[in-house]
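Colleague: I am just starting to read protein models, and I would like to see one part up close. Please choose how nonpolar residues gather in this one, and spell out each term as you go.

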Amino acid sequence: MARKPTGTAKPAELQRFSRTLNKTRMAAIMGVVGLVFLAVARFFLPPQWVQIGLMAFLVGIVSALFSVGGTYLGNCPNCGAKAVYAHAFGSRSFKCRHCSKPIAVHRATEGLFFRRP
C-alpha cells in the first residue's frame with residue numbers, strides 16, 4: 001500500500017539545469033561507447049557489423065535523451081541528512097550516503113518525496 005505524504009514532509013528540490021546536464025552527460029557517454037563499437041566493427045569485424053554499430057550509436061544517444069531526468073535534493077527520511085537523487089533509467093530507490101539506509105522515491109502532485117521503503 002502506498003504511503004501518502006504528510007503535511008510536514010517537504011518535496012525534494014529539483015536542481016537548476018540538472019535535467020539538461022544529466023541528459024548531455026549520458027548522451028555523450030552512450031555516444032562514445034557507440035563510436036568505439038563502430039570503430040571496432042569498421043576495422044576488425046565483417047562489413048555487416050558496421051550497420052549494427054551505427055544503430056547502437058544512434059539508439060544509445062536517443063535512449064539517453066529519453067530516460068535520464070533531473071537531480072533532486074531533499075532530506076533523508078531516516079537520518080535527516082541531505083540526500084541527492086539523480087533520476088536515471090527508471091530507478092525509484094537509492095541509498096543515503098550518510099546512513100546507508102534505503103530511500104524510496106515517491107512522486108505526487110505536490111512534487112517528488114523521499115520516503116522509507
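Modeller: Helices (H or I, at least four residues) and strands (E, at least two) are DSSP runs, numbered from the N terminus. This is a predicted model, where local features need a pLDDT of at least 70, side-chain atom pairs count only at 80 or more, and totals for chains, interfaces and linings use all residues. Residues are numbered from 1 along each chain as its sequence is written, and side-chain values use heavy atoms, with hydrogens and water left out.

The mean pLDDT (the predictor's confidence in each residue, from 0 to 100) is 83 for the protein, and 91% of the residues reach at least 70. Helix 1, residues 18-44, has the highest mean, 88, while strand 3, residues 82-88, has the lowest, 81.

Now to the part you asked about. The largest nonpolar core (buried Ala, Val, Leu, Ile, Met, Phe, Trp, Tyr and Cys residues joined through side-chain atoms within 4.5 Å) has 11 residues: Ala12, Tyr72, Cys76, Ala83, Tyr85, Phe94, Cys96, Ile103, Val105, Leu112 and Phe114. Strand 3, strand 5 (102-108) and strand 6 (111-115) each supply two or more of them. In soluble globular proteins, nonpolar side chains tend to be buried together.

Look closely at Ala83, which sits in strand 3. Its relative accessible area is 3%, so Ala83 is buried (under 20%; exposed is over 50%, partly exposed lies in between, with a 1.4 Å probe and protein chains only). Beyond the four nearest places in sequence on either side, Ala83 is in contact (heavy atoms within 4.5 Å) with Tyr72, Leu73, Gly74, Cys76, Phe94, Ile103 and Phe114. Ile103 lies 20 residues further along the chain, with 9.2 Å between the two C-alpha atoms.

Phe94 is another core member to click on. With sequence neighbours set aside in the same way, Phe94 touches Ala83, Val84, Tyr85, Lys101, Pro102, Ile103, Val105 and Phe114.

Nonpolar residues also turn up on the outside here. Val32, Val36, Val40, Phe43, Phe44, Leu45, Trp49 and Ile52 form a surface patch with about 810 Å² of accessible area together. Helix 1 and helix 2 (48-67) each give two or more residues to this patch, and helix 1 gives the most, with five. Ile52 belongs to helix 2, and its 42% relative accessibility is why it counts as partly exposed.

Two other residues on these helices are worth a click. Val59, in helix 2, is partly exposed at 47%, and its C-alpha is 29 Å from that of Leu112, 53 residues along the chain. Ile29, in helix 1, is partly exposed at 49%, and its C-alpha lies 29 Å from that of Phe113, 84 residues along the chain.

Finally, see how helix 1 begins. Phe17 lies in the loop between strand 1 (13-14) and helix 1, and it is exposed at 61% relative accessibility. Phe17 has a positive phi of about 60° although it is not a glycine. Most residues other than glycine have a negative phi. Ser18 is in helix 1 and is buried, at 6%. Apart from neighbours within four places in sequence, Ser18 is in contact with Gly69, Gly70 and Thr71.

Definitions and conventions. Patches are made of residues with over 30% relative accessible area and no salt bridge: like charges are joined within 9 Å, nonpolar side chains (Val, Leu, Ile, Met, Phe, Trp, Tyr) within 5 Å. Accessible areas come from the Shrake-Rupley method with a 1.4 Å probe; for residues, only the protein chains shown count as cover. A salt bridge is a side-chain nitrogen of Lys or Arg within 4 Å of a carboxyl oxygen of Asp or Glu.
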